[in-house]
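Please open the model in your viewer and keep the sequence panel beside it, so that each selection can be followed in both.

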Amino acid sequence: MLMGRVTGSIWATVKHAPLASARFVLVQPLNEEKQPCGEVFAALDTAASGPGDLVIYTTAYEAVLPWKELHPAVDLAAVDACVVGVIDRVDAGARS
Amino acid sequence: MILGRVQGSVHATQKNPHLVGARLLLVVPVGLDGELHGAPLVCLDRVDAGEGDLVLVNREGGGARIVLADEGTPVQALIVAVVDRVDLSS
């Protein structure tokens, strides 16, 4: 899983059927200093994230699993990135 | 698997149900020169690693699903060892 920042929402009326109720967000990948690194991409949101949120996202097959669980009738959905958590804080410096 | 350095712990209230109760750590991959390389990974910790530790990360979801015995987990990176030492042949 990786860390990113939600930079926007995507609205689409016409969608691949298994993704009918899906919500998509734009995610900027971040480096360890929480600075942008790499290209912004679109991800399925399963953690009620909003613009500005620091999030945990997952890619590849693992991106499909949360949606599959929320929608048991869905076998596989065409998704390659999925937000799975909203980060409250990252504690660093407690032990080193 | 990759070597990485633990930067800190990640706390999230809103998260996937499979991650509830999980210890998540932010790990930055390190090269053999000891330098940090690339984007940090949010890893599930199974070996009680701590900040500053050099760890071995299984960066693959299939392995995580087997280890966690959870077919629905979205985990893609699992800390499987705290590294004491790396010896390189010259």
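In which loop of chain B is T73(B) found? Select T73(B), and you arrive in the loop between α1 (61–67) and β5 (78–82) of chain B, where helices (H or I, at least four residues) and strands (E, at least two) are DSSP runs numbered from the N terminus. This is a predicted model, in which local features need pLDDT of at least 70 and side-chain atom pairs count only at pLDDT 80 or more, while totals for chains, interfaces and linings use all residues. Residues are numbered from 1 along each chain as its sequence is written, and chains are lettered from A and ligands numbered from 1 in the order in which they are written.

Is T73(B) buried or exposed? T73(B) is buried because 25 other C-beta atoms lie within 10 Å; a residue is called buried if 20 or more other C-beta atoms lie within 10 Å of its own, exposed if 12 or fewer, and partly exposed in between, with C-beta atoms placed from the backbone. Next add H18(B), A64(B), R65(B) and L68(B) to the selection, since T73(B) touches these residues when those up to four places away in sequence are not counted (contact requires C-beta atoms, placed from the backbone, within 7 Å). Then display P17(B), which is 56 residues from T73(B) in sequence but 8.6 Å away in space, C-alpha to C-alpha. For chain B the mean pLDDT, the predictor's confidence in each residue from 0 to 100, is 92, and 100% of its residues reach 70 or more.

Now move to chain A, whose elements run β-β-β-β-α-β from the N terminus on. The C-alpha trace of chain A spans about 50 × 25 × 20 Å along its principal axes, and 36% of its 96 residues count as buried.

Finally, select the contact between the chains, which takes 32 residues from chain A and 27 residues from chain B. On the side of chain A that touches chain B, the elements that give two or more residues are β1 (2–10), β4 (54–59), α1 (65–70) and β5 (81–91) of chain A, and β5(A) gives the most, with 9 residues. Follow β5(A) to strand β1 (residues 2–15) of chain B, with which β5(A) pairs in the antiparallel sense over 5 bridges (pairing requires that DSSP finds at least two bridges between two strands). Centre the view on I87(A), and you will find A12(B) in β1(B) standing opposite. For the model, the scores are ipTM 0.79 and pTM 0.85.

Terms used
Two residues are in contact if their C-beta atoms, placed from the backbone, lie within 7 Å.
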